[in-house]
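Student: I've got a model open and I'd like to learn how to read its features. Can we go through a few together?

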Amino acid sequence: MTKKLFNKITVSILFSILVIIIGVKIYSVYFFPGINDWNYSQIEKIQREHQNDNSNFSFVVFGDNKNSVTTFNRLIKKINSEKILFSIDVGDLVEDGEKEKFRFFINQIRDAKHPFLTVIGNHELREQGRSNYYDFFGRFYYSFTIGQSYFIVLDDANETNLDRWQLDWLEKELRKSQNYRYRFVFMHVPLYDPRDAGSRIKIAHCLHNQNFAQKLNALFDQYKVTMVFSSHIHSYWAGKWGKTPYIITGGAGAELAGTDPEHYFYHYVRINVSPQKISYQVVKLKSPPFEIIDRLFYDIWIYLDAFITIHYLDIIIIILLVYFGFYFTLIKNSWLRSIEKRLK
């Protein structure tokens, strides 16, 4: 086989690969099949699996994975070994709302062995992602019951408040929940930032409208909400807002917000429910060292790892296009040189 023939065969193969990859890319971005109301179908699974209203059950809560690859996959694998009824991700499922990033997230959670629910976060709104979220997961706020437990999922992804319609809906749901023993509320953005308590410098990674936060807090107090779960702050915190207990669980894989080992580590929270009581267990996952420089390099790697994993097709396409660019430039130069020789 001559070198010229070999080059032609190589180029033909690489060009075919390029066409196939571009086809796969176009399909994955523009024609990826919808999920048909993911959360609703997951709730149906939960209620089919839980037949005995008086039996004990457990569920897990976590948030802020933001297209994490290594840590979030490790989390999924870990909760698969848990004996739980379902899990719920309280927002920032993706780095931004592009359809391709939602597709990657969905492929990750397909490995979950238990029903998997989601809450919309502020990162899902980026790149016009609200419509993509709706196409995949359905309603932005919803409720369901399991035995004597009432679950309310809210949409405060605008980081400011709930609109009038959602607030009216919430009040009705809380009134209905009074007939149940336990009331759990899930929202991505917390009412307040626990790091601001007693501090002169306010970080305020919470609802921007603090008057509305206080109104919501009073509503939770009035109806004796059992626990409010949120994330948004990449860490773990627990305490009380007024009379209402809260847990902030933002350790599902995104960059951690500090180095204090008491709060900044990867984790999820397991909740055990029985007719007599509720218990909460923080399950820690492997986390980077508690040093600023180590965390900085780790955070850079999180985004690099996610970028390469999600955009590997784009990277291959760019490499092949560059290759063809150089190849055809060499052919063009060779052709021009042959013409110049003929003219001479």
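Tutor: Sure, let's begin with burial: buried means under 20% relative accessible area, exposed over 50%, and partly exposed in between, using a 1.4 Å probe and protein chains only. By that rule, F186 and F229 are both buried. Some ground rules: this is a predicted model, where local features need pLDDT of at least 70, side-chain atom pairs count only at pLDDT 80 or more, and totals for chains, interfaces and linings use all residues. Residues are numbered from 1 along each chain as its sequence is written, and side-chain values use heavy atoms, with hydrogens and water left out.

Student: How many aromatic pairs does the structure hold?

Tutor: Rings of Phe, Tyr and Trp (its six-membered ring) pair if their centres lie within 6.5 Å; planes under 30 degrees apart count as stacked, over 60 as edge-to-face and the rest as tilted. Here there are 32 aromatic pairs. One of them joins Y133 and F137, tilted, at 5.0 Å centre to centre with 40° between the planes. These two are separated by about one helical turn because they sit four residues apart in helix 5 (residues 129–137). Y133 is buried at 0% relative accessible area, and F137 counts as buried at 0% too.

Student: And what makes F186 and F229 a stacked pair?

Tutor: Their ring centres are 5.2 Å apart and the planes meet at 10°, so the pair is stacked. It links distant parts of the chain, with F186 in strand 6 (residues 182–186) and F229 in strand 7 (residues 227–230), 43 residues apart. Helices (H or I, at least four residues) and strands (E, at least two) are DSSP runs, numbered from the N terminus. Both rings also belong to a cluster linked by ring pairs, whose members include F57, F86 and Y280.

Student: Which residues of helix 2 are buried?

Tutor: W38, N39, Q42, I43 and I46. Seen down the axis, they fall within an arc of 130° (taken from the directions from the helix axis to the C-beta atoms), so they line one face of helix 2.

Student: What does N39 touch?

Tutor: Contact means heavy atoms within 4.5 Å. Leaving out residues up to four places away in sequence, N39 touches F116, L117, T118, Y133, F137 and Y142. N39 counts as buried because its relative accessibility is 2%. The buried residues of helix 2 pack against several elements, among them helix 4 (99–109), strand 3 (116–118) and helix 5.
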